[in-house]
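Subject: Structure for you to look at

Hello,

Here is the structure I said I would pass on. Please open it first and then read the notes underneath.

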Amino acid sequence: FQVVHAHKPHFMALHCQEFGGKNYEASMSHVDKFVKELLSSDAMKDYNRARVYLDENYKSQEHFTALGSFYFLHESLKNIYQFDFKAKKYKKVTGKEIYSDTLESTPMLEKEKFPQDYFPECKWSRKGFIRTRWCITDCAFDLVNIHLFHDASNLIAWETSPSVYSGIRHKALGYVLDRIIDQRFEKVSYFVFGDFNFRLDAKAVVETLCAKATMQTIRAADTNEVVKLIFRESDNDRKVMLQLEKKLFDYFNQDVFRDNNGTALLEFDRELSVFKDRLYELDISFPPSYPYSEDSSQGKQYMNTRCPAWCDRILMSHSAKELILKVSTDPR
């Protein structure tokens, strides 16, 4: 609400992933309250049209994505249309509508869950995308809510550069981009935003953060599998700098991830480079967005489960970038 008050947007899009949280069967009941509060709050009273799309149908595991897409339109905006993908035509947007449970039958969006063979080790992965298309005063554009695959193990992510998980995300994002510019519908500018799960190049980051450290490898007694890496300073009483396990990234100095918005680490943020011909991103001016502590009393602390990274992004086609630049120079 503070953001709305500060910026007073005329068209607002809010994309959520993991709706209902990890424990969605128990937590999904809180979602309806959240949605009602958003739609009825005093801060949103000037938004007289809204569309809400919630994938809450967790009992259908083959389709469930836990994605939520919210769109709010200010009363001053005239002539807003949304695309009907089934009828292949635009329909005027009036009133406030909420769609939940099964979104498969809603013609106003395209929703897809990634094939399970993209990420076979995660049996019930909820990763996928939802796409909607809008037209404001003859300007058409797609908005795509996306959730890509995570790093399942810090140790595996550390093994190669780029990591195996980076390759899976690359494949999935390429699939989405191909899908939204295929031949079924007219090509328009597009914005893709959500949780891309992009990670820093783990091998390069560790080698940089621990350049003067010695590494100790700890293996499981029964399988000889590597279960922990400990990096110690060569001198300084062999102080532990970093401990790395499957779900542990415990670096002794978190300030490096926050100082100057983590700018020193941006050189290791490389996953988007393979899409530079297809996607554009404005300069990043905020610290890594993941993994912030889930303890609300430690809101500015990172959890020591993963290396902090810029997982949450707003990307756009090059034609969308031109729209943005045009808007900033042409007051009309």
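The notes below cover salt bridges, then one hairpin, then one helix. Please bear in mind that this is a predicted model.

Salt bridges

The model has 22 salt bridges. One of them joins arginine 131 to glutamate 110, with 2.7 Å between the closest N and O atoms. Arginine 131 sits in strand S8 (residues 128–136) and glutamate 110 in strand S7 (residues 110–113), so this pair ties together parts that are 21 residues apart in sequence. Buried means under 20% relative accessible area. Arginine 131 is therefore buried, at 1% relative accessibility, and glutamate 110 is buried at 12%.

Strand S7 also holds glutamate 112, while arginine 179 belongs to helix H5 (residues 164–180). The side chains of these two, glutamate 112 and arginine 179, form a salt bridge at 2.7 Å, N to O. The pair ties together parts that are 67 residues apart in sequence. Arginine 179 is partly exposed, with a relative accessible area of 25%.

These four residues belong to a network of salt bridges that links Glu110, Glu112, Arg131, Arg133, Asp142, Arg179, Asp182 and Arg184.

Helix H5 takes part in another bridge, in which aspartate 151 pairs with arginine 169 and the closest N and O atoms are 2.8 Å apart. Arginine 169 is in helix H5, whereas aspartate 151 is in the loop between strand S9 (139–147) and helix H4 (154–159). The two are 18 residues apart, and the pair links distant parts of the chain. Are aspartate 151 and arginine 169 buried or exposed? Both are buried.

The hairpin of S4 and S5

Strand S4 (residues 80–84) and strand S5 (residues 89–92) run antiparallel and are joined by four bridges. Across the pair, tyrosine 81 of the hairpin faces lysine 92 in S5. Four residues lie between the strands, and in this hairpin lysine 88 has a positive phi near 60°.

Helix H6

Which residues of helix H6 (residues 202–209) are buried? They are Ala202, Ala204, Val205, Val206 and Leu209. The elements that cover these buried residues include helix H4, the helix that follows the loop of aspartate 151. Also among them are strand S12 (226–233), strand S13 (240–245), strand S14 (248–251) and helix H7 (255–258).

If you want a place to start, go to arginine 131 and glutamate 110, then follow the network from there.

Regards

Definitions and conventions
Residues numbered from 1 in each chain as written. Predicted model: local features only at pLDDT ≥ 70, side-chain atom pairs only at ≥ 80, totals over all residues. Heavy atoms only, no water. Buried < 20%, exposed > 50% of the residue type's maximum accessible area, 1.4 Å probe, protein only. Pairing = 2+ DSSP bridges. Contact = heavy atoms within 4.5 Å.
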